[in-house]
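New notebook page, new structure. I want to see how the strands line up and where the rings sit.

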Amino acid sequence: ASQVSVPVTGSHYTLSYFLTGEEVSGRGMVNPLRPFDPYHNQWGPGAFELFARYSELGLGETIFTAGLANPRDWTRSIGLIDLGVNWYLTRYIKIYLDWQHSSYGSPVLLNPAIDLYSRDNDLFWIRGQLYY
């Protein structure tokens with residue numbers, strides 16, 4: 001088969017702020033000033049970080065004209081907004097609480113079983129991370 005070139009553009013912006021006073025110089029491990037670690041008799045609140053993120057992605061029309069995707073089911077562009085809080089209990093345990101809103105350039109197929117299409121999608125998620 002022949003190769004197809006699909007132009008791709010995108011950007012990503014993130015803002016965050018620690019409510020509990022921590023400062024980080026990179027995106028490595030965060031060491032809470034007052035950790036929550038009952039095992040070591042530490043009963044602080046941990047570190048709380050608010051964050052907001054915007055991402056966008058655009059694909060060239062080639063994605064459809066070359067037959068790589070069906071324009072009836074997929075879109076060429078998307079914008080994502082994330083708002084949330086990260087809770088660092090200790091430097092080894094992190095909990096994420098996040099709301100994500102997606103806006104598509106054209107309606108996309110969300111559920112083929114009921115033929116559901118939409119231009120928007122919302123997601124709320126909670127996840128944990130363990131550093132070891």
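Entry 1, strand partners. I looked up serine 11 and found it standing opposite glutamate 56 in β4. That fits the pairing of β1 with β4, which is antiparallel and runs over eleven bridges. A note before I go on: this is a predicted model.

Entry 2, the other side of β4. Which residue is the bridge partner of leucine 57 in β5? I found isoleucine 78 there. I also checked alanine 47, and it stands opposite tyrosine 88 in β5. For β4 and β5 together I noted twelve bridges, again in the antiparallel sense.

Entry 3, the whole sheet. I wrote down the strand order as β1-β4-β5-β6-β7, an open sheet of five strands with antiparallel pairing. Which strands are at the edges? They are β1 (8-18) and β7 (116-130), and each of them pairs on one side only. I looked up the angle too: ignoring direction, neighbouring strands of this sheet are turned against each other by 15 degrees on average.

Entry 4, aromatic pairs. I got four of them in the structure. One is phenylalanine 36 with tryptophan 43, an edge-to-face pair at 6.0 Å centre to centre, with 80 degrees between the planes. Is tryptophan 43 buried or exposed? It is exposed, because its relative accessible area is 58% and the cut-off for exposed is over 50%. Phenylalanine 36 comes out at 28% relative accessibility, so I put it down as partly exposed.

Entry 5, a stacked pair. Phenylalanine 48 and tryptophan 87 are stacked, 5.6 Å centre to centre and with 5 degrees between their planes. Why does this pair tie together parts that are 39 residues apart in sequence? Because phenylalanine 48 lies in strand β4 (residues 47-59), whereas tryptophan 87 lies in strand β5 (residues 77-90). I checked accessibility for both: phenylalanine 48 is partly exposed at 29%, and tryptophan 87 is partly exposed at 29% as well.

Entry 6, joining up the rings. I went back over Phe36, Trp43, Phe48 and Trp87, and ring pairs link them into a cluster. So my two entries on pairs belong to one picture, since these four residues are in that cluster.

Entry 7, a charge and a ring. Last thing I looked up was arginine 127. Its charged end sits over the ring of tyrosine 96, 4.0 Å from the ring's centre.

Technical notes. Residues numbered from 1 in each chain as written. Predicted model: local features only at pLDDT ≥ 70, side-chain atom pairs only at ≥ 80, totals over all residues. Heavy atoms only, no water. Phe/Tyr/Trp six-rings, centres within 6.5 Å; stacked < 30°, edge-to-face > 60°. Buried < 20%, exposed > 50% of the residue type's maximum accessible area, 1.4 Å probe, protein only. Helix = DSSP H or I, 4+ residues; strand = E, 2+ residues; numbered from the N terminus. Lys NZ or Arg CZ within 6 Å of the ring centre and 35° of its normal. Pairing = 2+ DSSP bridges. Axes fitted to C-alpha atoms, helices over the stretch in contact; angles between N-to-C directions.
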